[in-house]
Every structure is written in structure tokens, then in C-alpha cells.
Amino acid sequence: MTSGRSFYITTPIYYPSDVPHIGHGYTTVAVDTLARWHRQAGDDTWMLTGTDEHGQKMLRAAAANGATPQEWVDKLVSESWFPVLDTLDVANDDFIRTTQPRHEERVREFVQAIFDRGYIYAGEFEALYCVGCEEFKTEAEIVDGAGPFEGLKVCAIHSKPLELLQEKNYFFKLSEFQDRLLELYRSVPDFIRPDSARNEVVSFVKSGLKDLSISRSTFDWGIKVPWDESHVIYVWVDALLNYATAIGYGTDPEQFARRWPAYHVVGKDILRFHAVIWPAMLMAAGVEVPRGVFAHGWLLVGGEKMSKSKLTGIAPTEITDVFGSDAYRFYFLSAIAFGQDGSFSWEDLSARYQAELANGFGNLASRTVAMIGRYFDGVLPAPGEAAEGDLAIQRTVSDAATAADAAIERFRIDEAISAIWTIVDELNGYITDNEPWALAKDDAQRERLGTVLYTAAEGLRALATLLSPVMPIATEKLWAALGASDALGALLDQPMREAGEWGRLQPGTAVQTLTPLFPRVEQA
């Protein structure tokens with residue numbers, strides 16, 4: 001389950017040109033859950049997130065708001081991007097901003113290194129550019145405009161007009177890495193996941209790579225090219241390097257060796273940057289490529305990708321203010337197959353909250369703790385001889401823990417939650433079948449009552465451990481109710497490898513009153 005290995009995982013760094021929406025939150029809580037799982041499993045875990053603060057889009061947004069670019073990004077990050085991490089209970093280890101000196105200086109060093117190795121040259125360029133994507137577009141990524149943009153070429157993602165740019169730029173010899181990239185994909189089949197993403201990238205690279213323009217000379221909001229300060233480094237080259245600069249590239253070789261290489265979790269719309277351009281850049285510099293890239297699907301609202309520019313963006317607080325952060329995390333990570341597109345609706349969120357969280361997990365925890373309080377004066381009873389139904393619960397817990405860990409290794413958080421939820425369903429059925437309220441009326445069934453309630457409590461112990469990475473707030477409350485004096489510390493000290501081992505709760509432990517984990521939500 002763990003080797004104590006390094007597990008370095010990143011979100012993409014987000015472009016803070018506007019406030020975060022639930023699509024950003026989806027990526028972030030997914031990475032946080034993976035990091036929490038590996039941290040609790042004993043791996044040497046490091047989670048990075050941050051913001052990508054250079055580029056033409058940011059320059060224009062700042063001007064439109066009467067601020068300098070630095071003033072504008074400082075305001076956005078402090079007022080919107082830092083707070084959303086607290087809103088969603090994200091336990092990141094670092095937050096990098098691409099305007100920080102620790103990043104800017106190392107980017108110049110990296111670009112100089114690949115220039116010195118002969119992988120950068122000067123040339124002229126003309127192409128259609130999407131400011132929203134900060135990317136030159138290929139023919140396959142350009143569509144005809146409609147409505148007010150009829151007769152214009154627009155970005156297939158943003159549906160906004162593209163700009164024809166003609167510049168003298170510096171170019172990275174991306175075309176020279178086609179064969180090496182294809183060999184990487186062949187020799188490390190899970191370098192890109194899921195398979196649909198891998199197939200897309202392999203097809204793209206096989207079709208032929210063109211050299212990449214890596215500088216801009218028509219604006220100055222960016223990191224200066226070290227040998228020609230009339231140019232700034234292309235924002236995507238700048239941004240990708242955050243994964244290395246944040247862990248000591250060029251400044252702390254020991255830390256860099258400890259953490260690198262990384263796993264990157266990204267939206268599928270930026271897959272090619274991470275699975276093609278980024279490893280090629282690292283190859284050019286003589287640095288090991290990432291451990292892997294996982295591309296998740298889009299969050300759809302009304303059939304469209306979540307987007308502020310299309311007015312489909314929903315702030316995370318619109319959900320957390322009503323349902324809480326645990327429900328947010330559980331819903332998006334369980335309702336959507338990780339790696340595929342998924343649709344969000346308030347109706348589905350509300351229904352799942354009530355059925356799975358309030359009535360399923362929450363009610364199971366509340367009634368188990370309450371019955372121990374009522375029938376055993378709040379002291380966890382010792383179990384008697386296990387019947388077949390009790391042993392079936394033990395097998396369910398063991399199998400769920402094994403299956404969940406295997407799913408996490410595949411980055412399938414949804415499948416891990418599904419496996420863990422078999423414990424919730426089986427325990428609810430077990431309590432219904434064994435009717436402890438009826439056993440409590442017969443003194444001759446006292447031992448059997450103790451066995452049933454110990455079995456239910458031990459199942460809750462496993463659930464608190466296994467669901468802690470997904471729902472840290474509720475599981476901490478549950479762990480405290482099961483008798484831990486230092487709820488958070490005690491829970492995080494529970495190794496994942498022991499989650500499925502039966503009998504870890506000690507009879508005689510005093511349980512505590514449990515307030516509802518998922519209170520009733522009144523909908524207007």
C-alpha cells in the first residue's frame with residue numbers, strides 16, 4: 001500500500017484573471033484527496049498549487065480595471081485564490097506564484113540552459129492567437145464564428161475571435177523531440193492517463209510537431225528572455241516551469257532530488273502542454289520527465305464547459321455555504337468518473353446529499369453512537385463470538401480498503417469512494433437485519449447486542465480512516481465521537497494499510513456525543 005516513496009503531485013497553476021469557479025475547485029480537491037491519501041499511507045507527500053500571473057490576458061485585465069498587472073494579480077490572489085483553499089479545506093504544502101523571485105530567476109536559468117544546448121533559435125512567426133488560452137491555434141482548434149462574430153475565426157474553446165499575430169520570436173525546437181516523446185509514451189504506457197487522453201496525444205504527436213514560439217515582443221508583462229530583454233518568455237513556458245522551481249530547481253538540489261519527478265493532474269484542455277511541450281522542454285534541459293500526467297474531463301453546466309466568459313461559472317461558496325465543504329468534495333469526486341466529462345446540477349447535488357450523506361453515512365454514524373450511549377452508557381462494548389453476518393462485515397471492510405487503495409493508485413477517486421461506500425450500505429443493512437433496539441429488550445441477548453454495536457462502530461472506524469482524504473471535517477468529528485482525545489492527530493496517525501484490519505477499536509473506550517455529520521438542508 002505504501003513504500004514511503006516520494007509522492008509529489010500538482011494541480012495546474014490557475015490563471016487568476018477572474019475569480020475561481022467550481023471547475024477550479026474540482027481539480028484542486030481531487031489533487032488534495034490524492035495527496036491526503038498518500039500522506040496518510042506514509043508516502044513522502046508534497047502537494048503544490050498556485051497561480052500563473054503573467055501574459056497578455058492578465059495585462060489587458062489589469063488595464064481594464066485601472067491597475068498595474070502586479071497590483072491586479074495581488075488583489076485577485078489575496079481576495080479570491082487563497083480563500084478558496086480554506087473554503088474547500090485543501091491541505092496544500094506550497095502555493096507558488098509565477099511573479100515570485102524564486103520562480104522568475106529559475107525560469108531564466110532554465111531557458112538559458114536550453115538555449116546554450118542549441119534548442120532555441122530566432123525566427124519570424126505569423127499565426128492566429130487566442131488570448132484566453134494564451135496559445136497559438138492550429139487549424140483543428142479554429143472554428144467559424146456565429147452571431148456577433150459571424151465571418152470571423154474564433155477559438156473552439158472560448159468562442160471568441162482570434163488575433164493574427166506577426167512577430168519576430170525565439171523558437172524551441174519541439175519538432176526534434178517527436179521520436180523521443182513517442183518512445184516515452186510507448187515505454188511508459190501510463191505516463192498519460194486515462195487511455196483516451198493517451199490516444200489523443202499519441203495521435204497528435206504522430207501527425208508531426210512544429211517548433212514552438214517561446215517568446216513575445218509586443219508586450220512586457222512577463223519574464224525577460226535572459227539574452228534578449230526586448231522579449232518576454234512565452235507564458236506557458238513560464239507557467240510549466242513552476243512545477244520544478246517550486247521544489248528547488250536551480251537553488252536546492254537536495255530538495256529537488258527528494259521531490260522530483262511529479263504527477264500532474266490537469267484539465268483535458270491543457271493536456272498537450274503537459275504531455276508534449278513540458279516533457280520535451282525537460283528532455284532538452286537534461287532533466288527527468290514527470291512521473292505521469294492525468295487529464296480529467298470538463299465540468300458541464302447546461303451542456304457547456306464551466307466558464308466565466310460564457311456565464312456558466314459557479315463560485316464554490318455558492319455550494320459550500322449551503323451544503324458544506326465535505327459535501328462539495330464528496331459530490332464532485334464521487335458523482336463524476338474521474339477522467340471523463342461530468343454534468344453538474346443543483347438537483348443532483350441535493351439528492352445525493354440527502355440520500356448518501358445525510359441518510360446513508362450520517363444516519364449510520366448517529367444511530368450507532370447513540371445506541372452505544374443508550375444501551376452501554378457510552379462505553380464501547382466487547383464483541384462476543386462472531387456470527388456469519390459479523391464476519392461478512394469484516395470481509396466487506398477488508399475488501400473495500402484493498403479496492404479503494406488500488407483505485408487511488410489508478411487515480412480513480414470515484415472508484416475508491418464507490419468501494420468504500422459498500423461499507424456504508426452493508427452496515428446499514430446489517431443494523432436493520434440485527435435490530436439492536438430489539439436485542440436491547442432481552443437481557444439474554446446482551447452479548448449479541450454488544451457484538452452488533454461493536455461491529456458497527458468498528459465499521460465506522462474504517463470509514464473514518466478511508467474517507468478522511470475525501471471528507472476531512474466529518475471524519476474528524478466521527479473519529480472524536482469514537483473516543484479519540486486528539487481527533488485530527490489520532491485520525492491522521494491511522495495508516496491506510498491498517499484501515500481494513502479488523503478489531504482496532506478497543507472495547508471499554510468511552511464514545512462521545514455526535515452532532516449530525518450532515519445536517520438537514522432546507523431548500524427554497
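Contact here means that heavy atoms lie within 4.5 Å. With that in mind, this briefing on a predicted model looks at two open sheets, one of 6 strands and one of 3 strands, at the helix α1, which covers residues 22–40, and at the nonpolar cores, of which the largest has 175 residues.

**The sheet of 6 strands**

- This open sheet runs in the order β3-β2-β1-β14-β15-β9, and its strands pair in parallel.
- Its edge strands are β3, at residues 94–97, and β9, at residues 192–193, and each of these pairs on one side only.
- Strand β9 is joined by 2 bridges to β15, which spans residues 292–296, and these two strands run parallel.
- Within this pairing, I192 stands opposite V293 of β15.

**The sheet of 3 strands**

- The other open sheet has the order β11-β13-β12, with antiparallel pairing.
- Here the edge strands are β11, at residues 215–216, and β12, at residues 224–225, each of which pairs on one side only.
- Between β11 and β13, the latter formed by residues 228–233, there are 2 bridges, and the two strands run antiparallel.
- In this pair, S215 stands opposite I233 of β13.

**Helix α1 and T28**

- Helix α1 has 19 residues, which at 1.5 Å a residue should span 27 Å, and because its end C-alpha atoms are 26 Å apart, the model agrees with that expectation.
- The helix is mostly covered, with 18 of its 19 residues buried.
- After α1 comes G42, whose phi is positive, near 100 degrees.
- T28 is found in α1, and because its relative accessibility is 6%, which is under the 20% limit, T28 counts as buried.
- When neighbours within four places in sequence are left aside, T28 is in contact with T11, Y14, M47, L85 and V90.

**Nonpolar cores**

- In soluble globular proteins, nonpolar side chains tend to be buried together.
- In this model, the largest nonpolar core has 175 residues, and those with the most contacts inside it are I9, F172, Y185, W260, F332, F361 and L463.
- Apart from this core lies another, of 5 residues, which include C130, C133, C155 and L162.
- F332, one of the residues with the most contacts inside the largest core, touches I22, Y26, L299, I319 and F344, when residues up to four places away in sequence are not counted.

Definitions and conventions: Residues numbered from 1 in each chain as written. Predicted model: local features only at pLDDT ≥ 70, side-chain atom pairs only at ≥ 80, totals over all residues. Heavy atoms only, no water. Pairing = 2+ DSSP bridges. Helix = DSSP H or I, 4+ residues; strand = E, 2+ residues; numbered from the N terminus. Expected span 1.5 Å × (residues − 1). Buried < 20%, exposed > 50% of the residue type's maximum accessible area, 1.4 Å probe, protein only. Core = buried A, V, L, I, M, F, W, Y, C linked by side-chain atoms within 4.5 Å.
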